[in-house]
Amino acid sequence: RESDHRAWTPVSYTVTRQNATVQGLTEGKAYFFRIAAENIIGMGPFTETTKEIVIRDPITVPDRPEDLEVKAVTKNSVTLTWNPPKYNGGSDITMYVLESRLIGKEKFHKVTKEKMLDRKYTVEGLKEGDTYEYRVSACNIVGQGKPSFCTKPITCKDEIAPPSLDLDFRDKLIVRVGEAFSLTGRYSGKPAPKVTWLKDDIVVKEDDRTKIKTTPTTLCLGILKSVREDSGKYCVTVENSTGSRKGFCQVNVVDRPSPPVGPVIFDEVHKDHMVVSWKPPLDDGGSEITNYIVEKKDTHRDLWMPVTSATVKTTCKIPKLLEGREYQIRIYAENLYGISDPLISDEMKAKDRFRVPDAPEQPIIKDVTKDSAVVVWNKPYDGGKPITNYIVEKKETMATRWVRVTKDPIFPSTQFKVPDLLEGCQYEFRVSAENEIGVGDPSPPSKPIFARDPIAKPSPPVNPEAVDKTKNSVDLSWQPPRHDGNGKIIGYLVEYQKVGDEEWKKANLTADSCPETKYKVTGLTEGLTYKFRVKAVNAAGESEPAYVPDPVEVKDRLEPPELILDANMAREQHVKAGDTLRLSAVIKGVPFPKVSWKKEDHEVSPKADIEVTGVGSKLEIRNTVHEDGGIYSLTVENPAGSKTVSVKVIVLDKPGPPRNLQISEVRSDSCYLTWMEPEDDGGSVITNYVVERKDVASAQWVAISSSSKKRSHMAKYLMEGTQYLFRVAAENQFGRGPYVETLKPIKAIDPLHPPGPPKNLHHVDVDKTEVSLVWNRPDRDGGAEITGYLVEYQEDGADEWTKFQTIPMLDCVVTGL
């Protein structure tokens, strides 16, 4: 019955078990229940529940919490989170219990504080390096439920992760001027990375237009109202202790170009057209210039007329102009993003700007000779076009016709030597300039000149000196004057004066008797002292005299011999055989010394050519051979003394033949050759020996060694039984010398030795006058087949052995005993 009713309601009439399920009850209401037992006699008394029972679902402990996760780990703490159990047991969760177990231990220990309802907890105060596992349980009014599944073992250590970077922008970004742009992305890493923005390797700083925003997971660089200077390579770097990541973006802020660079240059101006040029804009706006727009305007009108809008060159022809009108040109640059401000030219009148050159000023004439003159002029105004040629003309003063002096072009020089003038004639000259337009007017004529050599007296001779003397003469020498007065030097006048006298006497009466720069003054008195002087003479007259510096005493001069050696008289002279030996020296001495050449203190070979001149001597031997080597000496002698020099001459040649060629150790396939070095090595070190062999039946020698530096050689690979000849030659850097050859052939066979003794000699039969013997072959045959056995006998007590006979077999009957 319901607790607030008094009437009982039957539930079941036929319950035979000791339990029953009451259905159809209302949740939340309170009921009383009673039960009675019944048998065939009847129903017994009821037993009633002592207190009312409120109908509700049964209450149990909660299920295990779910999704226990480790959110963070450091060296001394672990942070965990979990979700509530799927079923709370029919009663609200009152708290959670978190437990931990140190790996290696058996028991779990409670780590949460009392009445913890948060589903996140940080376990602190842990020891770095320890490893734990964790579980969590939920509690309700009934009690503590099952624990959750354990976490994996967690070691206490700082958690690290290298940075990662996920960018929202591409490698390149094009932005119009005035627009905003931003570079965004996401990043992560443990510990939290540092974010740095760079532009062209320079750190980006925030200002009114530049904004940088960084959260723990996102990054952003934003620029408002971009300008051209914002173009560049942007780089974002995300870095922590484990590494770094970079992202790049090439930002190009584009705009219309700046104006073309002036001024506008008028390259050509004509009466009906012009050609203008300009320079590209300093800033192309970040995009290639696609074309230039060119317009023209008559300065008397306000209307600009198009010329072209499709040129990419920085030059343009402006056509259809009216002669005499003034024009202005304006030029725009255009790219994909717009048209620049214009570049406007100065005013220019349409007319031909160029004409023939002006006439040069009156030319000047210099350096006149009997057949030539040099015309000099100044460059005139070129008429606007470069001068390409000058035309020089001449005429005789009394004539009327001008004649060109050359058909060849004269440029860029502004002077010209006019040839082929007639001596004594008077000439005038004039000059015209030429450009591509034509030939300009001629200059005024030059002043008249006569074609003849200007002449003046020469300057004095230079450095006169006394170079030799005898008891009645003095030899003088000098150099020509520095200036000949523009006239040919006819000759020289030589004068002398005895010291103490005032009068100068002429050594020669006329200048043409002394055309050379030397003279021997004769007829002087021995023992006296004289002064000397020389004058140069040309058609204009005599020069001032040049004096010999010191007075000269007239007497014979003695100078001991002096040898000035040429390079070929060094201490040692090497000559290759067949070449020419030259020895020479300059010889001085007064009187000139007697010259003698010797070789090893003997006369030189008749094949030597010896030449003696007034200044030296030379010895020459053609086609030298080795025997021409030796010590050569040159002796010079005069009354004042003598001098000798020597030079060792080595004639470099091929070496001589090797000596004492010997063959030994002959075998069936080899033999050993030895020899001695040549007596004469040709003046150069023996570099190697050449060894050759020849079969006596062959005409051909075969080289078996060509690079041996030793004086021996093992000749291998011989054919057994063949007879061979051998020969050896020496080589140096000048070639191969003659061969030395073996005197007789060598046969390639192993050496022969006597055979060994027969073995096991014994008798097999004896008679009164004979003995039968047998024996075995010896151990060695000595290198050749055994041809027979010599049998001898000796009477007992005698000294001599008696030969019986030679037997080819291994037995013998000795008779006659």
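**Figure 1. L183 sits in strand β14.** Strand β14 covers residues 181-190, and L183 lies in this strand. The model shown here and in the other views is predicted. L183 has a relative accessible area of 1%, so this residue is buried; the cut-off for buried is under 20%. What touches L183, once neighbours within four places in sequence are left aside? The contacts are F169, L173, W197, L219, C220, L221, Y234 and C249. L167 is 16 residues from L183 in sequence. In space, the C-alpha atoms of L183 and L167 are 8.0 Å apart.

**Figure 2. Two stretches carry the record name "domain: Ig-like".** The name comes from an unreviewed UniProt entry, which lists residues 163-252 and 561-646. Residues 163-252 are 0% helix and 64% strand. The C-alpha atoms at the ends of this stretch are 28 Å apart. Residues 561-646 are 0% helix and 62% strand. Here the end C-alpha atoms are 16 Å apart.

**Figure 3. L583 is a member of the largest nonpolar core.** This core has 20 residues. Which of them touch the most other members? They are L583, W597, L619, Y632 and L634. Five strands each supply at least two residues of this core: β48 (581-590), β49 (594-599), β52 (616-621), β53 (630-638) and β54 (641-652). Another core lies apart from this one. That other core has 19 residues, among them Y390, I410, F429 and I449. Now look at L583 itself. Beyond neighbours within four places in sequence, L583 is in contact with N568, M569, Q573, W597, S617, K618, L619, Y632, V647 and V649.

**Figure 4. Q573 lies in strand β47.** This strand spans residues 572-576. Is Q573 buried or exposed? Q573 is buried, because its relative accessible area is 18% and buried means under 20%. Not counting residues up to four places away in sequence, Q573 touches A567, N568, L581, L583, V647, K648, V649 and I650. G629 is 56 residues from Q573 along the chain. The C-alpha atoms of these two residues are separated by 9.4 Å.

**Figure 5. S633 has its place in strand β53.** S633 belongs to this strand and counts as buried, at 10% relative accessibility. Which residues does S633 touch, not counting those up to four places away in sequence? They are S596, W597, K598, T644, V645 and S646. One of them, W597, is also among the core residues that touch the most other members.

**Figure 6. T79 and T122 meet through their side chains.** T79 is in strand β6, residues 78-83. At 12% relative accessibility, T79 counts as buried. How far apart are the C-alpha atoms of T79 and T122? They are separated by 4.1 Å, although the two residues are 43 residues apart along the chain. Their side chains make a polar contact of 3.0 Å. Leaving aside neighbours within four places in sequence, the contacts of T79 are E69, V70, K71, A72, K120, Y121 and T122.

**Figure 7. S345 is a buried loop residue.** The loop runs between β28 (343-344) and β29 (348-349), and S345 has its place there. The relative accessible area of S345 is 3%, so S345 is buried. Not counting residues up to four places away in sequence, S345 touches V264, F266, Q328 and I329.

**Figure 8. Seven listed ranges share the record name "domain: Fibronectin type-III"**. The unreviewed UniProt entry lists residues 1-58, 64-159, 259-353, 359-454, 460-557, 657-751 and 757-817. Take residues 64-159: they are 0% helix and 41% strand, with end C-alpha atoms 29 Å apart. Residues 460-557 are 0% helix and 45% strand, and their end C-alpha atoms are 29 Å apart.

**Figure 9. The views belong to one spread-out chain**. The chain has 68 strands and zero helices. Its radius of gyration is 67 Å, well over the 28 Å that the globule rule gives for 817 residues, so the chain is more spread out than a compact globule. The C-alpha trace spans about 205 × 170 × 60 Å along its principal axes. Of the 817 residues, 36% count as buried. The chain exposes about 50200 Å², and carbon and sulfur atoms supply 49% of this area. Among contacts with a separation of 6 or more, 62% join residues 24 or more positions apart.

Key:
Residues numbered from 1 in each chain as written. Predicted model: local features only at pLDDT ≥ 70, side-chain atom pairs only at ≥ 80, totals over all residues. Heavy atoms only, no water. UniProt positions renumbered as here; feature names shortened; annotations may be inferred. Helix = DSSP H or I, 4+ residues; strand = E, 2+ residues; numbered from the N terminus. Buried < 20%, exposed > 50% of the residue type's maximum accessible area, 1.4 Å probe, protein only. Contact = heavy atoms within 4.5 Å. Polar contact = N/O pair within 3.5 Å; in protein donor to acceptor, adjacent residues only side chain to side chain. Rg over C-alpha atoms; globule rule 2.2 N^0.38 Å. Areas by Shrake-Rupley, 256 points an atom, 1.4 Å probe, with all protein chains shown as cover. Core = buried A, V, L, I, M, F, W, Y, C linked by side-chain atoms within 4.5 Å.
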